[in-house]
Amino acid sequence: MKPRPVAEPPPVAVEPHAEARAYLQAWASEDLAALRRAVRSPPVDFEARHQRFREELRVVSSRFELDRIEREGEGAVAFFHAWHVLRGLGEWRTEGAMRLVFHEGRWWVRWSPEVLHPALREGDHFSLTRTRPARAALLDGHGRPLTEDGELISIGVEPRRIQKRAAVAAALQARLGVEPARLDKLLDAPGVSPSSFLSVIDVRPERYQQVRAALAPVPGIFFRKKSARLIPADGFAAHTLGRVGEVTAELLAQWGPLYQRGDIVGLSGLERAYERQLAGRPSGEVRLTRASGEVRVLGRIEGTPGTPLRTTLLPEVQSAADAALDGVTQPAALVAVDTRTGAILAVASRPLGEALNRALTGRYPPGSTFKVITAEALLAGGMGVDSALSCPAGATVGGKQFRNFEGEAFANARLRMVFAHSCNTAFIMGAAGLAADALESSARRFGFGVDYGVGLPSPGASFPGPRDEAERAAAAIGQGRVLATPLHMASVAAAAGSGRWHAPYLLADLKDGPSTALAAGTRAKLHTLMRAVVTEGSARAASGVTGLAGKTGTAEFGRGTPLPTHAWFIGFRDGIGFAVLVEGGGVGGRVAVPIAARFASAL
């Protein structure tokens with residue numbers, strides 16, 4: 001009897017490395033067809049098992065790295081590292097192994113559940129636990145919390161219970177200021193279920209108590225409690241602090257796998273811009289449950305707590321800014337900064353229901369508030385507060401005609417007088433006598449064209465080089481192509497107050513921004529000029545506010561005859577520089593000054 005031949009291992013030259021790497025690559029690419037083709041006798045439910053692995057662990061993506069291959073007789077074992085990104089938790093690192101067999105001239109994967117994870121057996125299933133840390137607070141300039149966890153009442157409607165839509169709309173508008181169009185948009189949206197609760201507005205418990213008796217009897221109006229992140233008062237720096245809510249599909253794609261549906265995230269303002277810092281990272285466990293019921297913890301992902309974000313806002317100044325805008329029905333903004341540092345003390349933007357934070361991001365012609373800068377250029381050029389200037393009712397420069405407000409003209413005018421009464425022609429002709437780059441240099445000293453980081457998007461101010469004499473004349477009175485945010489004009493007022501321009505900043509960590517000294521000897525003279533605006537000029541309506549100094553502005557924009565105008569006032573008092581803008585508000589001295597007076601008085 002002949003001896004049975006001994007099976008020879010595959011030739012050394014035929015190694016399984018390429019097949020092992022190809023299998024891992026197909027797994028990473030979720031190419032189940034390629035995986036099946038690489039397996040020797042795959043189970044009938046091969047694809048379903050892979051899919052179940054992904055679903056139970058909420059795998060977003062996987063990557064693999066082949067470690068080594070060890071030969072075992074006719075076969076081999078490929079050891080690899082795996083990194084699975086789990087939805088809501090992040091990356092889970094494991095070690096894996098898969099057996100390979102050589103058959104018919106090539107290597108095959110000998111698949112078993114252990115390929116998915118070494119601990120996995122028939123009948124087992126995976127699960128995850130997850131805990132999100134408490135959201136960190138936004139802090140004020142003193143380091144005290146501006147936000148806290150609390151409760152709101154959501155006031156809404158149930159479509160099928162509404163008897164008269166007009167009655168519901170009227171009640172919500174009368175008691176809460178909700179525009180009927182907002183209710184119509186909710187009710188007429190595609191796919192609205194008649195039995196669903198449609199939230200219209202969220203209010204604090206104290207506000208709910210005030211309106212409940214009037215709203216509860218109206219058929220269709222309902223109330224629900226909800227956990228919420230509360231700010232010191234309704235509207236308090238609302239656009240800047242921002243709001244939180246359930247993550248949207250758009251934000252889910254943006255924030256990545258650490259987030260999942262149902263998470264509460266920042267939706268606007270600082271809450272959104274610093275979401276990752278405030279939210280921290282969730283923690284959790286990867287668990288394997290045996291068919292017997294035994295539970296094994298396969299891994300733990302350690303989270304991190306959120307970190308508070310310290311702003312420069314001061315509640316007492318912010319409350320004064322919010323109160324000053326009470327009752328203002330047109331779009332408006334009020335911004336206040338520390339004259340010594342540039343720290344932003346208050347940011348108020350209206351209307352509250354509009355997403356635009358016009359105080360930080362709106363760019364407008366500054367109009368006559370820019371005369372603070374033109375005056376600094378004149379003073380730097382040797383002019384004094386009592387230097388003579390001509391102030392005719394009109395002037396033509398480069399073929400363009402310029403006129404004073406309501407055709408005013410002053411004989412025997414002095415710089416103090418023309419500044420106090422905001423004479424356009426005097427500043428246009430005065431600027432024409434300056435050196436070619438004098439006005440641009442002054443604008444630069446006040447931060448125009450300077451890049452700086454606030455902590456939220458804010459485009460600052462621009463002073464494009466004038467292309468001709470007419471444009472230079474327009475620039476001297478803050479028109480033409482000159483643009484600035486209300487925030488930046490607050491920094492201009494602050495610079496006039498302190499004698500040094502500081503880039504404004506909203507976060508304590510950004511305090512070391514750009515800074516420029518004004519021209520030597522101009523600070524005290526600017527104080528004299530800006531105080532005269534209040535005591536004897538276009539801001540006399542605020543003359544009762546002790547120590548207030550500033551400059552009014554009426555800035556033309558758009559089209560029409562006459563052109564529509566924005567109403568401005570910038571000023572400083574007691575170490576605080578501020579700017580008031582009423583968009584399309586008309587005359588600065590009539591519209592912006594009363595708001596400024598309310599704010600400055602409250603300080």
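User: Before we start, what do buried, exposed and partly exposed mean here?

Analyst: Buried is under 20% relative accessible area, exposed is over 50%, and partly exposed lies in between (1.4 Å probe, protein chains only). This is a predicted model, where local features need pLDDT of at least 70, side-chain atom pairs count only at pLDDT 80 or more, and totals for chains, interfaces and linings use all residues. Residues are numbered from 1 along each chain as its sequence is written, and side-chain values use heavy atoms, with hydrogens and water left out.

User: Thanks! Why is Glu440 called partly exposed?

Analyst: Glu440 has 22% relative accessibility, and partly exposed covers the range between under 20% and over 50%, so Glu440 counts as partly exposed.

User: And why is Arg472 called buried?

Analyst: Its relative accessible area is 16%; buried means under 20%, so Arg472 is buried.

User: What makes Arg472 and Glu440 a salt bridge?

Analyst: A salt bridge needs a side-chain nitrogen of Lys or Arg within 4 Å of a carboxyl oxygen of Asp or Glu. For Arg472 and Glu440 the N to O distance is 3.1 Å, so the pair fits. Arg472 sits in helix H17 (residues 469–476) and Glu440 in helix H16 (residues 438–445), 32 residues apart; helices (H or I, at least four residues) are DSSP runs, numbered from the N terminus.

User: How do you know that Asp124 forms a salt bridge with Arg290?

Analyst: Their closest N and O atoms are 2.4 Å apart, and the limit is 4 Å, so Asp124 and Arg290 qualify. Both Asp124 and Arg290 are buried.

User: How many salt bridges does the structure hold?

Analyst: There are 37 salt bridges.

Key:
Helix = DSSP H or I, 4+ residues; strand = E, 2+ residues; numbered from the N terminus.
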